[in-house]
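Thanks for making the time, everyone. I would like to walk through one chain with you, beginning with its overall layout and then turning to its core.

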Amino acid sequence: MAVAYFKLITKYAYIDFKNLMKLEPQFTNIKGQHLQVLLTKQIVFLDGAMGTMIQGYHLGEEDFRGSFYHEHTHALQGNNDLLSITKSEVIKDIHLNFLRAGANIIETNTF
């Protein structure tokens, strides 16, 4: 049986959503079941529009640069993939809000 694993990159570590129920059980509808089993029992919801949610935070150039890219020679604002490194708390908050809203599957913050 295939098992789906989803990881959220934080500043220095990974949060493994396979173990999310153990960490924060209130943020999952999967309740530890394998995805294939869940699919036979209910409609499964993916998370929503990541870019739209990021825009709600009104982040500026400095947020995208963080301490990792402060000397980069080109503008970085709008490169949402970088936020997994420079603003990991924003990405984690968005993912947790999707789970609170009923999403069963969280995708990575990549385009």
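What share of the contacts in the chain with a separation of 6 or more comes from residues 24 or more positions apart? Keeping in mind that this is a predicted model, the answer is 56% of those contacts.

As for the layout, the chain holds six helices and two strands, and, read from the N terminus, the order is β-β-α-α-α-α-α-α. Of its 111 residues, 32% count as buried, while the exposed surface comes to about 7200 Å², with carbon and sulfur atoms supplying 56% of that area.

Let me turn to the interior. The largest nonpolar core has 15 residues, and those touching the most other members are Met50, Ile54, Leu83, Ile94 and Phe98. Both α3, residues 50–55, and α6, residues 88–100, supply at least two residues of this core, and it is α6 that gives the most, with six. In general, nonpolar side chains in soluble globular proteins tend to be buried together.

Methionine 50 is worth following in the viewer, since, leaving aside its neighbours within four places in sequence, it is in contact with Ile91, Ile94, His95, Phe98 and Asn109.

That brings me to α6 itself, whose buried residues are Ser88, Val90, Ile91, Ile94, His95, Leu96, Phe98 and Leu99. At 1.5 Å a residue, the 13 residues of α6 should span 18 Å, and the C-alpha atoms at its ends are indeed 18 Å apart, so the two values agree. Following α6 comes glycine 102, which has a positive phi, near 115°.

Key: Residues are numbered from 1 along each chain as its sequence is written. This is a predicted model: local features need pLDDT of at least 70, side-chain atom pairs count only at pLDDT 80 or more; totals for chains, interfaces and linings use all residues. Side-chain values use heavy atoms; hydrogens and water are left out. Helices (H or I, at least four residues) and strands (E, at least two) are DSSP runs, numbered from the N terminus. Buried means under 20% relative accessible area, exposed over 50%, partly exposed in between (1.4 Å probe, protein chains only). Contact means heavy atoms within 4.5 Å. Accessible areas come from the Shrake-Rupley method with a 1.4 Å probe; for residues, only the protein chains shown count as cover. A nonpolar core is a set of buried Ala, Val, Leu, Ile, Met, Phe, Trp, Tyr and Cys residues joined through side-chain atoms within 4.5 Å. The expected span of a helix is 1.5 Å times one less than its number of residues.
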